[in-house]
Amino acid sequence: MVRIEKIRRACQAAAEVLAEGGRALRPGITTDAIDAIVHEACLARGGYPSTLNYHGYPKSLCTSVNEVILHGIPDSRPLQDGDIVNLDVTIYLDGMHGDCSATFAVGEVDAVSHQLMRVTRECMELGISAVKPGRPISEIGKAIERRAAAHGYGVVRAFCGHGIGEDFHMEPQVLHYYEPRARERMEEGMVFTIEPMLTMGQPDHVLWPDGWTASTADGQRAAQYEHTILVTRDGAEILTLAPELVAKPREVAHT
Ligand code: MF3
Ligand code: CO
Ligand code: CO
């Protein structure tokens, strides 16, 4: 099988596993329970959760709740009605990694958090729309930052998207803010993630003593969405689309 076909399969599997984890979310369930579901779902597809033992990371999934920006470690805390939680799934399948994440509402979530989630998803989509061979990679962050700023949200600068394939984290770096010095040009065939993190308040983070969990310094909520994409001849193909979206193209807005 050619390389890109293998990446496509790993990414498809990641999207399926993420959807499975998301469907299990409800108030009262622990993030450890979601971790177990994701772990089994990776194995069931003949894959392995890329995060498990990655530089010592202890779990098969990242679960980032409320003010946690990313790399939250699943634990025994039951999710509460009103929480928002990002599930970040990466699978290693047949020699390739696929990586995606989404932020989910647990039970009844306030309108302010829903808006943060919606705009963060839009920022990811705008970043994807900026992908085109020949353009500088800085166009991605420019598109993301513009929309986030229009809503007064912060864009986390300390963590970025990344090339992915044979390795979990490869070149290029994909910044989610505008950095004019990021002049590398996108090329057809490149595979990388776009995974913006937006914050209600300031985008500065603190690292927890566990060495992984990054939460907002001001304690306000954060959201993140992530897709792995392939640069095509005239744009981007999203490789980690959820299965139901692959089967049924997204509905056109009602008129
Ligand atoms: N999936 C994360 C990313 O999007 C990386 C998680 S690495 C871990 O790049 F070790 F924290 F799990
Ligand atoms: Co990820
Ligand atoms: Co990633």
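**The cobalt site and the cysteines**

In this predicted model, the cobalt ion (ligand 3) is held by Asp99 (OD), His162 (NE2), Glu195 (OE) and Glu226 (OE), with coordination distances of 2.0 to 2.2 Å. Along the sequence, these donor residues follow the spacing D-x62-H-x32-E-x30-E. Six donor atoms surround the cobalt ion (ligand 3), and because the angles they subtend run from 50 to 162°, the arrangement is irregular. For reference, ideal angles for six octahedral donors are 90 or 180 degrees.

A second metal belongs in this picture: the cobalt ion (ligand 2) sits 3.2 Å from the cobalt ion (ligand 3), and aspartate 99 coordinates both. The two glutamates come from loops. Glutamate 195 is found between strand E9 (191–194) and strand E10 (197–199), while glutamate 226 is found between strand E13 (222–224) and strand E14 (227–231), so the pair ties together parts that are 31 residues apart in sequence. Glutamate 195 counts as buried because its relative accessibility is 6%, and glutamate 226 is likewise buried, at 1%.

Turning to the cysteines, a search of the whole structure finds zero disulfides. For cysteine 11, the nearest cysteine sulfur belongs to cysteine 100 and is 7.6 Å away; a disulfide would require the two sulfur atoms to be within 2.5 Å. Cysteine 123 is also without a partner, because its sulfur is 17 Å from the closest cysteine sulfur, that of cysteine 160, which is too far for a bond. Cysteine 11 is buried, with a relative accessible area of 0%, and cysteine 123 is buried too, again with a value of 0%.

Terms used
Residues numbered from 1 in each chain as written. Chains lettered and ligands numbered in written order. Predicted model: local features only at pLDDT ≥ 70, side-chain atom pairs only at ≥ 80, totals over all residues. Heavy atoms only, no water. Donors = N, O, S within 2.8 Å, 3.2 Å for Na, K, Ca; no water. Tetrahedral: all angles 85-135°; square planar, octahedral: opposite > 155°, others 65-115°. Helix = DSSP H or I, 4+ residues; strand = E, 2+ residues; numbered from the N terminus. Buried < 20%, exposed > 50% of the residue type's maximum accessible area, 1.4 Å probe, protein only.
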